[in-house]
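Please look over the sequence and the structure shown here before reading on. The explanation that follows moves from the whole chain to its parts.

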Amino acid sequence: MEDIFSLYGEVAMDIAEKIRAIITPEEKELIETPPTTSIVALNFYEQGRQLYEAAQIVKNFQMEQQAEIYFIKAAELDSTYTDPILKLGWIQHHLGNEDSALLLANKALRINTSSSNAYFLKGIVLYYHFGIEKEAEIAFNNALKYNPNYPSPMRELGNIYFNRGNFAR
């Protein structure tokens, strides 16, 4: 299992070197840290991720429900594996279950306090559902702190600043 993730890390670093990308220490740590210790959980997650992404493209709710089953299985096999937890959070968000989406984002953050994806989901829910702009801004800034090249939180911060009339930021 470690060999698989080590190989992924080496390939990612080789690509970054070839394209002369600047990798922050946080990004390097993310690349080098395996997301799970369970190959079965990883397989369930990958099956769910493929279904989830296809469901987003074709707007197929049944496929998203099927993906949810795989994410639940992956999270049950490895309760510290944040990727399926966050996908479950996004599914809850899509269903309008914002309380559940926020709980899942916070659960992922308890496991991994530097998860830019968890901060982004949290910010989306706080801003668009609960209208808690200041906390959403903090969440988006934290997402960028741990992944400075993540465009989605940048866009959302731009929306917040624009709505405030703060065009200088």
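The paragraphs below begin with the chain as a whole and then turn to some of its helices and loops.

The model is a predicted one, and the chain in it has nine helices and zero strands, so that a reader who follows the sequence from start to end meets the pattern α-α-α-α-α-α-α-α-α. Of the 169 residues of the chain, 39% count as buried. When contacts between residues at least 6 apart in sequence are considered, 52% of them join residues that are at least 24 apart.

A good place to start is helix α5, which covers residues 82-94. Its 13 residues should span 18 Å at 1.5 Å a residue, and the C-alpha atoms at its two ends are indeed 18 Å apart, which agrees. How many of the 13 residues of α5 are buried? Eleven of them are, and α5 is therefore largely enclosed by the rest of the structure. The buried residues are T82, P84, I85, L86, K87, L88, G89, W90, I91, Q92 and H93, a list that includes the lysine K87 as well as the tryptophan W90. These buried residues of α5 pack against α3, α4, α6 and α7.

Of these neighbours, α6 (98-111) can be described in closer detail. Two packed helices are described by the angle between their axes and the distance between the axes. For α5 and α6, the axes come within 7 Å and cross at roughly 165°, which makes α5 roughly antiparallel to α6, given that angles over 145 degrees count as roughly antiparallel. The crossing of this pair, α5 and α6, is left-handed. On the α5 side the contact involves T82, I85, L86, L88, G89, Q92 and H93, and these meet E98, S100, A101, L104, A105, K107, A108 and I111 of α6. Sorted by class, the contact of α5 with α6 has eight nonpolar, five polar and two charged residues. After α5 in the sequence comes G96, a residue whose phi is positive, near 85°.

The next helix to consider is α9, which spans residues 151-164. Helix α9 has 14 residues, and the distance from its first C-alpha to its last is 20 Å, close to the 20 Å expected at 1.5 Å a residue. Which residues of α9 are buried? They are S152, P153, E156, L157, I160 and Y161, and these buried residues pack against α7 and α8. An α-helix has 3.6 residues a turn, so residues three or four places apart point the same way. Just after α9, G165 takes a positive phi of about 80°.

The two partners of α9 can be taken in turn, beginning with α7 (residues 116-130), whose axis comes within 10 Å of the axis of α9 and crosses it at roughly 25°. The helices α7 and α9 are therefore roughly parallel to each other, and their crossing is left-handed. The residues that make this contact are F120, I124, Y127 and Y128 from α7, together with S152, P153, R155, E156, N159, I160 and N163 from α9. By class, the contact of α7 with α9 holds six nonpolar, three polar and two charged residues.

The other partner, helix α8 (residues 133-146), packs with α9 at an angle of about 145°, and the axes of α8 and α9 are 9 Å apart. Here, too, the crossing of α8 and α9 is left-handed. From α8 the residues E133, E137, F140, N141, A143 and L144 take part, and they meet P153, M154, E156, L157, I160, Y161 and R164 in α9. The residues of the contact of α8 with α9 divide into eight nonpolar, one polar and four charged.

Two lysines earlier in the chain complete the tour. K59 lies in the loop between α3 (39-58) and α4, and its phi is near 55°, a positive value in a residue other than glycine. Is K59 buried or exposed? At 70% relative accessibility, K59 counts as exposed, since the cut-off for that class is over 50%. K73, by contrast, has its place in helix α4 (residues 61-77) and is partly exposed, with a relative accessible area of 36%. K73 and L42 are 31 residues apart in sequence, while their C-alpha atoms are 10.0 Å apart in space.

Notes
Residues are numbered from 1 along each chain as its sequence is written. This is a predicted model: local features need pLDDT of at least 70, side-chain atom pairs count only at pLDDT 80 or more; totals for chains, interfaces and linings use all residues. Side-chain values use heavy atoms; hydrogens and water are left out. Axes are lines fitted to C-alpha atoms, for helices over the stretch in contact, and angles run from 0 to 180 degrees between N-to-C directions. Helices (H or I, at least four residues) and strands (E, at least two) are DSSP runs, numbered from the N terminus. Angles under 35 degrees count as roughly parallel, over 145 as roughly antiparallel, 65 to 115 as roughly perpendicular and the rest as oblique. A crossing is left-handed if the near helix is turned anticlockwise from the far one by less than a right angle, and right-handed if clockwise. Contact means heavy atoms within 4.5 Å. Ala, Val, Leu, Ile, Met, Phe, Trp, Tyr, Cys and Pro count as nonpolar, Asp, Glu, Lys and Arg as charged, and the others, Gly among them, as polar. The expected span of a helix is 1.5 Å times one less than its number of residues. Buried means under 20% relative accessible area, exposed over 50%, partly exposed in between (1.4 Å probe, protein chains only).
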